[in-house]
Each structure stands twice: as C-alpha cells, then as structure tokens.
Amino acid sequence: MTKLLEWLLGCSLIGMAWGLVTFDLLDLQLPAQYRELAWPMPVYLLVAFGCYSLATVGYRVATFNDCEDAAKELQAQIKEAKAELKKKGLKM
Amino acid sequence: MASRRGNAKTREQSDKYSVLLPTYNERENLPLIVWLLVKYFGESGFNYEIIVIDDGSPDGTLQIAEQLQKIYGADKILLRPRAQKLGLGTAYIHGIKHASGNFVIIMDADLSHHPKFIPQFIEKQKEGGFDLVSGTRYRGDGGVYGWDLRRKLISRGANFISQVLLRPGASDLTGSFRLYKKEVLEKLVEQCVSKGYVFQMEMIVRARQLGYTVGEVPISFVDRVYGESKLGGNEIVSFLKGLLTLFATT
C-alpha cells in the first residue's frame, strides 16, 4: 500500500467516525452534547497539528547545531594537505 | 607492540570499501578530499579504493586526478571519467561497475562531507549488520556550518514535511553521505529514477520499502569551502514535486 493510500484510508476512517457522531447517521439517539463536541473537531485537530508542526520546526531550527569546530578543523587540515601535496609534487 | 600495530593495519581484510567520488569542476577540492580519505583510511586500517568519476570537467579536474593517481598509486585511486555531464544515478551505476569492494561509500567531493566519519560508518555497519548507513545532520551531534536562518528553516521544514508524509525511518533523507552494501546499492540505483535532492531521498525511501535495514551516524556538514552552493526556488519546487511523487508511489 502506498503512503497516499494509507493517508486516504486513515482520513476516511476518521471522517466516517466524525460523520456518524455529528449527523447521527446510525440513528443512535446520541445526546446533543456529543454532537456539539464532535462537529468542530476537524478544525481543532487541524489547529492542533499546525501548532505542533510550527513548534517542532521552530525548536529544530533553533537547536540546529552550528559546527564551528568542524569548520576550523577542516581549514587547518586544508593547509596541512596543501603543504604535503606540494611536497609530493602535485601541481595545482 | 609492532605485531599489535600490524594487526590493526591489516584487520578485516576481507572487507573492502570503494569510495565513489562523482566530480564536476572540483580541481580545488579533489586533492584535499583524496588526502583526507587516504589519511583516515590509513589511520583506521580498512582496505579501500577511491573511484573518481569525472564528467568532463572543463577546469582540468581529470588532470589533477591523474597526478593524484601517480602520488597514491593506481590501486588506490581509480579514474573512470565520462565524456560529459550525466546524472548522479548513472554516475553511481558507472562507478559500481568498476568497484572491487563489497561495500560502497558515496559522498560529495566538495569537502562538505568529512572523511573522518567513514570509520564511524564502518563501525556502525558492523555493529548492526546494516544494509546501509546514512550520515545525518539532524540527530545527536550532527549539524551544519555556513547556513543562515533561511537555509536552516527550509531544510528543517522540508525534512519535517517529508517525515510526516513518508515516515521513512531515517532522519536525514536528502543527505548524500552514505555507506551501502554493494549489492544493495546496485539494486537501489536500478529502481530510483529521481534527480537532484530527490534522488537521495528516493534511495532511502525505497530501501525501507524493500526491507533493507538502515543505521545512522551523526555528521557535521560544512557547506562548500570553494565554489558556490545553490538552493533556489527551482530546487524547492522540484523537491516538492519529487516528494509528492514518492508519496503517491511508495
């Protein structure tokens, strides 16, 4: 199953559950509070997911390591390499 | 003492590591990356070869590579040039054909990938028997150098979206510093058709799909020392297209 199909399946399951409660499709005579709670649920979920995404990406950008030491080490090694390669007869 | 050092130098002779270096206009970087590779392979004692695949660079990369071959020996530096610039995927196919190792390491020749991590890749592979080991900028001590906030934001954002949509079981999808079992790489390049950034992503996503195991090693990515690094609107659009293609097909 492709990821697209997995998503479609997941979304339609959630959509069906939502429709059952919100529109009382099976005529279960659910209390009115259930319905009131259920109908804005997709919006809540979207907002919650959006907040989670922004928080996650923001946190990861803020904590992205800056490898200053790696850059310094590389610069030093470049000098060393150039000197040694010159000695070995490399013409750049 | 001498015998112990001798053992370290000759350990694991049954395993050989072929490093594929696709190059295009890398005359400044190639000698440096080769020097670093020789240094770290020499210190760790693993058996290796470096395969330079130059795509007809007009700046004379190939002439530099020929000089390096004279310095380090034709058994260590193999030159497998091609007449013109062709895709990365075909460069790997071309390189694998000439690789005598049972493991293949792919990396960029522009010094953004440091050979000091290769012994860690090899240890990691042995530790878990992984089919491929991928370097990751996003985990542990991994990181980048030379990226501004915009670049970091795009990178993290793209990675987050890819993780949500594809759940690939690897943290760095677009990285191109990896170690593969040779037959695994052969199988994967055969199947992967994408270009650019998406190619690396497709490789690791397909690896998961085919049931291969993936290990990860944190790496520091030092953005191009010489030459220009590019990330424009075009790259972003083609990345998104590729991502959606993988989303619908894997």
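This passage describes the contact between two protein chains and the nonpolar cores of a predicted model.

The model is predicted, with local features requiring pLDDT of at least 70 and side-chain atom pairs pLDDT 80 or more, while totals for chains, interfaces and linings use all residues. Residues are numbered from 1 along each chain, chains are lettered from A in the order in which they are written, and side-chain values use heavy atoms, without hydrogens or water.

Chain A and chain B bury about 3500 Å² between them, 67% of it on carbon and sulfur atoms (accessible area, 1.4 Å probe, lost on being put together and summed over both parts). A:Lys3, A:Phe64 and A:Leu74 supply 19% of the area that chain A buries, more than any other three residues. The contact (heavy atoms within 4.5 Å) takes 35 residues from chain A and 44 residues from chain B. Three salt bridges cross the interface (a side-chain nitrogen of Lys or Arg within 4 Å of a carboxyl oxygen of Asp or Glu). One of them joins A:Asp66 to B:Lys152, with the closest N and O atoms 3.2 Å apart.

Turning to the interior, the largest nonpolar core has 47 residues (buried Ala, Val, Leu, Ile, Met, Phe, Trp, Tyr and Cys joined through side-chain atoms within 4.5 Å, where buried means under 20% relative accessible area with a 1.4 Å probe, protein chains only). B:Leu21, B:Val34, B:Leu37, B:Phe41 and B:Ile50 touch the most other members. Beyond its neighbours within four places in sequence, B:Phe41 is in contact with B:Tyr17, B:Val19, B:Phe46, B:Tyr48, B:Ile105, B:Ile118 and B:Ile122. Another core, of 34 residues, lies apart and includes B:Ala99, B:Leu166, B:Cys192 and B:Ile204.

Technical notes. Buried < 20%, exposed > 50% of the residue type's maximum accessible area, 1.4 Å probe, protein only. Buried area = accessible area lost by both parts, 1.4 Å probe.
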